[in-house]
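Student: I am new to this structure and would like a friendly tour. Could we look at it together?

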Amino acid sequence: MEKFTKLTSTAVLLPIENIDTDQIIPARFLKVTDKIGFGNHLFKDWRFDENNEPIASFALNNKIFSGSILVAGDNFGCGSSREHAAWALTDYGFKVIVSSYFADIFKGNALNNGLLPIVVSADFLQKIFSAINENPIIKLVVNLESQTISLENTKEQASFEIDAYKKICMINGFDDIDFLISQKTEIEKFETTNKLVLK
């Protein structure tokens with residue numbers, strides 16, 4: 001995974017509540033196991049009509065909005081546990097998802113795939129929606145080390161929570177195996193010490 005410490009980016013607004021994983025990546029696209037290419041099918045039934053033509057009114061087709069941050073309504077990622085939803089979002093180019101609530105399984109899948117889910121209050125979420133609707137080129141600043149998200153060049157800022165282990169992994173670009181390898185020296189030291197104790 002890529003290392004993540006700080007991101008400054010414009011954002012795409014998707015102010016819809018209860019977006020489930022079948023809307024994020026429809027079930028008919030789950031037959032393949034390669035993560036590459038899933039972004040082409042992200043929000044497929046919302047982005048394209050029956051003739052596979054882009055639906056101009058949908059947020060991801062609106063050229064006013066762009067960036068590697070998606071700001072969505074409450075309860076994002078509900079529904080089935082498919083990890084493909086996180087694959088599709090990251091393959092499309094999103095690095096951060098902001099909402100006032102995430103389904104637990106989706107949140108775990110996102111973190112495991114280098115996608116940072118940030119939970120903010122409903123009030124702060126509305127501030128983001130309002131600020132970007134007023135000025136689509138305003139940027140959000142996400143600082144993982146300090147666990148803050150802010151609207152650039154304003155005083156609007158919020159803190160967010162993240163599991164300490166997942167924070168270490170994201171900052172270092174580790175998956176679970178990478179993390180274990182990084183602890184090799186400490187593991188060997190522990191094994192040597194405990195062998196001596198047992199003797």
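Student: With which residue does the side chain of Thr148 make a polar contact?

Tutor: A word first: this is a predicted model, where local features need pLDDT of at least 70, side-chain atom pairs count only at pLDDT 80 or more, and totals for chains, interfaces and linings use all residues. Residues are numbered from 1 along each chain as its sequence is written, and side-chain values use heavy atoms, leaving out hydrogens and water. A polar contact is a pair of N or O atoms within 3.5 Å; within protein, one must be able to donate a hydrogen and the other to accept it, and residues adjacent in sequence count only if both atoms are side-chain atoms. At 2.9 Å, the side chain of Thr148 has such a contact with the side chain of Ser146.

Student: Is Thr148 buried or exposed?

Tutor: Thr148 lies in strand β7; strands (E, at least two residues) and helices (H or I, at least four) are DSSP runs, numbered from the N terminus. Buried means under 20% relative accessible area, exposed over 50%, and partly exposed in between, with a 1.4 Å probe and protein chains only. Thr148 has 12% relative accessibility, so it counts as buried.

Student: Which strands stand at the edges of the sheet?

Tutor: Two strands pair if DSSP finds at least two bridges between them. The open sheet has the order β1-β6-β7-β8, with antiparallel pairing. A single partner strand each leaves one side without a neighbour in the sheet, so the edge strands are β1 (6-9) and β8 (157-159).

Student: Which residue in β6 stands opposite Lys6?

Tutor: β1 and β6 (residues 140-143) run antiparallel, and four bridges join them. Across from Lys6 in β6 is Asn143.

Student: What angle does the direction of helix α5 make with that of β7?

Tutor: Helix α5 (residues 122-134) packs on the sheet, and touches β6, β7 (148-151) and β8. Contact means heavy atoms within 4.5 Å. Axes are lines fitted to C-alpha atoms, for helices over the stretch in contact, and angles run from 0 to 180 degrees between N-to-C directions. With β7, the angle is about 35°.

Student: Which residues touch the most other members of the largest nonpolar core?

Tutor: Such a core is a set of buried Ala, Val, Leu, Ile, Met, Phe, Trp, Tyr and Cys residues joined through side-chain atoms within 4.5 Å. The largest one has 56 residues, and its largest share, six residues, comes from α5. Those touching the most other members are Phe43, Phe76, Leu89 and Leu116.
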